Amino acid sequence: MSRLGTETAFEVLNRARALEKQGKEVVHLEIGEPDFDTPANVVDAGVNALRQGWTHYGPAAGLPDLRQAIADYVSRTRSVPVASEEVVVVPGGKPIIFFTMLALVDEGDEVIYPNPGFPIYESMINYVGGHAIPIPLREERDFSVDVKELASLITNRTKLVILNSPHNPTGGTLSKHDIYAIADAIGDRNIMVLSDEIYSRLVFEGEDFSIASVPGFKERTIILDGFSKTYAMTGWRMGYGVMRVDLATHISRLMTNSNSCTASFTQIAGIEALRGDQTSVDRMNAEFKHRRDVFVAGLNKIKGFSCRLPKGAFYAFPNITKTGWPSKKLADALLDQAGVACLSGTAFGDYGEGYLRFSVANSLENLNKALAKIEEWVGKNLS
Ligand SMILES: Cc1ncc(COP(=O)(O)O)c(C=O)c1O
């Protein structure tokens with residue numbers, strides 16, 4: 001257990017709630033979840049499903065109709081044919097990370113993962129006894145992967161490469177050109193790729209491209225995607241993996257051993273999410289883009305902060321080195337003294353030092369309030 005890490009966002013959320021209990025005002029920019037409600041058509045489908053008796057166990061890999069809806073959606077969006085047998089539905093995107101590591105990584109295997117990056121990658125690699133090999137994502141490259149560096153990290157012990165685009169926490173994306181170069185660097189080695197595409201619908205500049213679309217890579221890729229971010233369904237707990245049928249069988253067995261199945265009525269709602277009206281998704285995305293523009297422009301006016309415009313997801317990842325403060329100390333001070341909850345870049349790995357992460361999945365009013373609070377605090381505390 002001592003090798004298992006955590007996700008700091010939930011700890012900061014708890015600290016922020018404790019401060020609120022003491023009567024302090026806190027603007028919550030720490031947690032990565034849409035502030036919008038789940039679209040009404042999806043909620044209705046879930047409620048109707050409950051009334052219609054979708055309250056029983058279902059197949060471990062997911063309801064056949066949802067697996068088919070996901071296969072259709074992924075075939076369409078990734079331009080690669082996917083069959084329903086290649087889809088495993090799980091409670092959220094996270095279990096795909098957990099199960100992939102359990103299924104593929106043996107003690108001593110090397111796993112290359114983005115750093116800064118979603119903390120669960122490093123946590124799970126260490127937990128299963130793998131060697132976590134960070135690929136640093138640097139600001140000067142707009143937080144994309146340096147493919148030469150990636151190539152230099154690949155050894156004959158490399159079992160898995162993790163990609164995440166759009167990227168949490170930086171908002172960086174991998175272009176089609178980047179992805180082809182990465183595929184080239186991996187070549188025809190016996191290496192699997194976990195492609196975390198949970199923010200694939202939240203691309204503001206350029207187009208989203210999956211390594212599964214590169215000829216010869218679908219068989220070696222596990223796509224992770226889900227409903228949490230795209231459809232504002234974080235609490236419903238529903239995500240999925242797309243992978244070769246032989247691997248899907250193993251991941252389904254891990255489901256049988258852990259969860260039995262994903263909740264049946266949420267899966268019925270998932271079919272509506274994928275097949276129903278997408279207007280709400282478009283509306284939420286337009287709003288995230290607008291908030292990103294406002295918030296990043298505001299951050300860039302604050303002394304000591306400089307922030308690139310993230311190309312996707314709903315995070316801002318400003319460089320704060322010019323404040324002279326280490327990230328964790330600054331994040332703590334902003335919460336305790338300014339009433340703004342954000343995360344230290346180091347919550348996403350060692351290469352996150354010098355940065356903070358703010359979620360812009362909050363109202364414009366709150367984002368502007370946070371900017372004013374930070375500016376005021378900086379004015380008082382930084383010379
Ligand atoms: C990069 C990334 N992958 C996976 C997840 C997990 O999503 P879910 O809430 O569906 O488990 C998140 C959630 O924050 C994420 O940021």
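Let's start at Lys380, which is exposed, with a relative accessible area of 65%. (Exposed means over 50% relative accessible area, buried under 20%, and partly exposed in between, using a 1.4 Å probe and protein chains only.) Its partner is Glu376, which is partly exposed at 49%. The two side chains meet in a salt bridge, 3.1 Å from N to O. That term stands for a side-chain nitrogen of Lys or Arg within 4 Å of a carboxyl oxygen of Asp or Glu. Both residues sit in helix α12 (residues 364-381), four residues apart, about one turn of the helix. Helices here are DSSP runs of H or I with at least four residues, strands are runs of E with at least two, and both are numbered from the N terminus.

Before we go on, a word about the model: it is predicted, so local features need pLDDT of at least 70 and side-chain atom pairs count only at pLDDT 80 or more, while totals for chains, interfaces and linings use all residues. Residues are numbered from 1 along each chain as its sequence is written, and side-chain values use heavy atoms, with hydrogens and water left out.

Back to the charges. Side chains of opposite charge can pair when their charged atoms come close. The count of salt bridges in this model comes to 24. One of them joins Asp332 and Arg15, with the closest N and O atoms 3.2 Å apart. Asp332 belongs to helix α11 (residues 327-338) and Arg15 to helix α1 (residues 8-21), so this pair ties together parts that are 317 residues apart in sequence. Asp332 is partly exposed at 22% relative accessibility, and Arg15 is partly exposed too, at 33%. The pair also has company: Arg15, Lys328, Asp332 and Asp336 are linked in a network of salt bridges. Elsewhere, Asp246 bridges to Arg244, where the closest N and O atoms are 2.8 Å apart. Asp246 is partly exposed at 42%, and Arg244 is partly exposed at 32%.

Stay with α11 for a moment. Which of its residues are buried? They are Ser327, Leu330, Ala331, Ala333, Leu334, Leu335 and Ala338. What covers them includes α1, β10 (340-341), β11 (343-344), β12 (356-359) and α12. Just after α11, Gly339 takes a positive phi of about 75°.

Now for some helix packing. The axes of helix α4 (residues 94-104) and helix α8 (residues 245-258) come within 10 Å and cross at roughly 115°. Such axes are lines fitted to C-alpha atoms, for helices over the stretch in contact, and the angles run from 0 to 180 degrees between N-to-C directions. The crossing of α4 and α8 is right-handed, meaning that the near helix is turned clockwise from the far one by less than a right angle (anticlockwise would be left-handed). On the α4 side, Ile96, Phe99, Thr100, Leu102, Ala103 and Leu104 meet Leu247, Ile251, Leu254, Met255 and Ser258 of α8, where contact means heavy atoms within 4.5 Å.

A second pair is helix α2 (residues 40-51) and helix α9 (residues 264-275), which pack at an angle of about 145° with their axes 8 Å apart. Here α2 contributes Asn41, Val42, Ala45, Gly46, Ala49 and Leu50, and α9 contributes Phe265, Ile268, Ala269, Glu272 and Ala273. This crossing of α2 and α9 is right-handed.

The loops hold some less usual backbone. Most residues other than glycine have a negative phi, and most peptide bonds are trans. Yet Ser79, not a glycine, has a positive phi of about 50°. You'll find Ser79 in the loop between α3 (64-78) and β2 (87-90), where it is exposed at 63%. Ser260, not a glycine either, has a positive phi of about 70°; this residue lies in the loop between α8 and α9 and is partly exposed at 32%. As for cis peptide bonds, one joins Asn115 and Pro116, with omega about 5°, and Pro116 is in the loop between β3 (110-115) and α5 (119-127). Another joins Asn168 and Pro169, with omega about 15°, and Pro169 is in the loop between β5 (158-164) and α7 (176-186).

Finally, the cysteines. How many disulfides are there? The count is zero, a disulfide being a pair of cysteine sulfur atoms within 2.5 Å. Take Cys307: its sulfur is 12 Å from the closest cysteine sulfur, in Cys342, too far for a bond. Cys307 is buried at 9%, and Cys261 is buried at 12%.
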